[in-house]
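Subject: The structure I promised you

Hi,

Here is the structure we talked about, together with its sequence. Have a look around first, then read on for what turned up.

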Amino acid sequence: MQAHERVALALRELGVERIFGLMGEGNLRPLIDFDRLGGVVVAATTEGAAVSMADGYARVGRRLGVASVTHGPGATNALTALTEAVRARTPLLLLTGDTPPRDDHLQRFDLRGLAGLAGAGYLRVGAAADAAADVARAVHRAQRECRPVVLDLPVPLQRIDVADGPPVRLVPPPRPGVPDEDELDRALGVLAGARRPVVLAGRGALDAREEIRDLGRILGAPLGTTLLGKCLFAGEPLDLGVVGTLATDVALETVQAADCLLVLGAGLNRYTTVDGALVRGRPVVQVDRDPARISTAAEVGLVGDVRRTVVAMREQLTAAEHRPATAHRADLDRLLRAAAERPVAGADGPDTLDPRPVMRWLDRVLPAERVVVTDTGRFVYAPWRLLSVGSPERFAHTCGFASIGLGLGTALGAAVGSGRPTVAVLGDGGAVMSLVELATAVRLGLPLLVVVCNDGAYGMEYRHLRLDGEDPAPARRAWPDLAEVARALGARAATVRTRADLELVAAQVAGLGADGAGPLLLDVRCDPDVDVADPG
C-alpha cells in the first residue's frame, strides 16, 4: 500500500471513528482512504469549523478528536480554532500535509511555525515507512499532553509504497496514583482543623462526584465548581453552584468566609478566584493529576488522581472519627436553594427580549438530556448562569482564546459526538461569522437549536464605549435577517421579539431531537443597553 493508505489504516487501528475535515491537495487521499476503511468523514464547510467540530466532539465525549485540513490557507484558516483547542486542553489530532518542495508553490507555508504559534504540538512524517508509527506517536502525544498535535504528512511522501506492517497499538498513558503520604498528611491536617471549609471541583473531578460528595459531608463543607464543572453537584445539599464572578451573592459570601479551600481537579484563574480574592488569606489544598496545574496560591499541592486521593482522604478522616465542621450558617442550604430558584424578571422592551429570562425559559422547555455550547461575547453571562446541563461534560464554551465565531462549529461536533439535542448560544456577531456552517448541520440532520442573542451590535465593544462615556454607535451593525439566512441554508427559523413569540416556538424547542426535523434557529432580538452581566 502507499503511505496515505497506511496513515488512514493506522487511524482506524487506533480506534478513530470520525474525522472532521475539508478536502484539499494536502489531505485528499488519506480522507478518501479513511472513508473506504469504514471510518466516517464529517465534511465541514470551512476549515476552522472542521477543527472546532473535532474540538466539540472531543470535549463532550472526553476522547480524542481528529480533524483534517489541507496545507497553506487550509491550515491558516484553522489557526484560531486550533488555538482555542490548545487553550481548552483538548486532545486533538490535526492531519495535514506539507506542499511539494517548490519555492513557487502558491500554498507553501510553515506548518511547524503555525503549530508553534497556536501552542500545539507538531510531528512531521519524515519517512514513508514510519507513517503508521508516527500516527500512533502523534495520537499518544495528544492524549498524554492534553493538547492538539499537528501531524504533517508531506504530499510527496504520501504516494510512496510502504510495507503492510503489523497493526499499530496505542500505549495507554500511566495512571496517576495517590500523592505522597507525607503530603497527604499535611493536607489532612489543614482540612481537619478547618471550621468553615469549602470544596471547589472542576472538570478534572468528573469521575469523583460521589466520592467528593461523601468527603464534603465528612468535612461539613459546601460544594462549589468552576464554570467547566457546572452542575456537577446539582441537587445536592449545600450546592454553591459556579464559584467566582458568576456566583450568587450567598455563594460568594460563603467562600469569602471560608477558612480553608479544597480544590479538586480545578484551575484557579482570575475569574474563579475573583482576581485572587477568594484564595487570599486562607489555606488552599489543591489536588490535580498535572503538576503544572498546581497554583502558587496552594499551601499544599498534591499531584495525583483526584478520585483516588479523595477516597484516601475520606478513609483517613473516617478512621480518625473526624466530626464535620459546623461553623457555616445553619440556614445556608435554604439560602442557596432560594438564590438558585430566584425569578429572573429581566428588562424586556416593546420589541426586544432580555436574554436572562429567555435562558430561564429555555431551561424549563428544552429536553433535559441536552448539551449546551456557547460562543463568547457579552451575552454569555445569561446562559452560563441560567441554562443548566445534566453533567458538566455536556457543557462547553469557546472562551479559551476569546474569539467570537467558534461556538457553532464546536456545537456541531458536540451534537455529532453526543447524539443528544444540542443548544448553541451565540451573539449576533459570532453568528454572522459562522452561520454558513448551519448548512452542515442541515446536511447531517443534527438535533441543533441555535439561539442568537441579537442586539444589533458587537456587544462587548458597545459596552466598553458606553463605559468610557463615548458614543457606542460605531459598534452597531445592521445585519441581514438571520432567520431568512437560516431558512435559505435549509434550517427552520423564527425571529423572536416578545415572550409571546417564544411560546409560538415552544413545541419545536421541546421536541428538539425527537421530531427529526433538524436544526432550528431562533433570532432573539435584544437591547444592547441591557446589562446582561448583572444577575438580574
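Let's start at the beginning of the chain: which residues in H1 are buried? They are Ala3, His4, Arg6, Val7, Ala8, Leu9, Ala10 and Leu11. Before you go further, keep in mind that this is a predicted model.

Helix H1 covers residues 3-13, and 8 of its 11 residues are buried, so the helix is mostly covered; "buried" here means under 20% relative accessible area. What do those buried residues pack against? There are two strands to look for, S1 (18-21) and S4 (92-96). On the helix side, the partners are H2 (28-36), H7 (131-145) and H8 (155-158). Just after H1 you'll come to Gly15, which has a positive phi of about 90 degrees.

Now zoom out. The protein chain contains 22 helices and 18 strands. Its radius of gyration is 24 Å, close to the 24 Å that the globule rule gives for 536 residues, so the chain is as compact as a globular protein of that length. If you want a feel for the dimensions, the C-alpha trace spans about 70 × 65 × 45 Å along its principal axes.

Of the 536 residues, 55% count as buried. If you take the contacts with a separation of 6 or more, 75% of them are between residues 24 or more positions apart. The accessible surface of the chain is about 21,900 Å², and carbon and sulfur atoms make up 51% of that. As for charge, you'll find 60 positive and 67 negative side chains, with the centres of the two sets 2 Å apart.

Next, the cysteines. How many disulfides are there? The count is 0. Take Cys526: the closest cysteine sulfur belongs to Cys453 and is 5.0 Å away, which is too far for a bond, because a disulfide needs the two sulfurs within 2.5 Å. Cys526 is also buried, at 8% relative accessibility. Cys260 is another buried cysteine, at 0% relative accessibility.

One last stop: is Gly235 buried or exposed? Gly235 counts as exposed, because its relative accessibility is 66% and the cut-off is over 50%. You can find Gly235 in the loop between strand S8 (223-225) and strand S9 (239-242). From there, try locating Gly377: the two glycines are 142 residues apart along the chain, and their C-alpha atoms are separated by 29 Å.

Have fun exploring!

Key
Residues numbered from 1 in each chain as written. Predicted model: local features only at pLDDT ≥ 70, side-chain atom pairs only at ≥ 80, totals over all residues. Heavy atoms only, no water. Helix = DSSP H or I, 4+ residues; strand = E, 2+ residues; numbered from the N terminus. Rg over C-alpha atoms; globule rule 2.2 N^0.38 Å. Buried < 20%, exposed > 50% of the residue type's maximum accessible area, 1.4 Å probe, protein only. Contact = heavy atoms within 4.5 Å. Areas by Shrake-Rupley, 256 points an atom, 1.4 Å probe, with all protein chains shown as cover. Lys, Arg positive; Asp, Glu negative; His and termini not counted. Charge placed at Lys NZ, Arg CZ, Asp CG, Glu CD.
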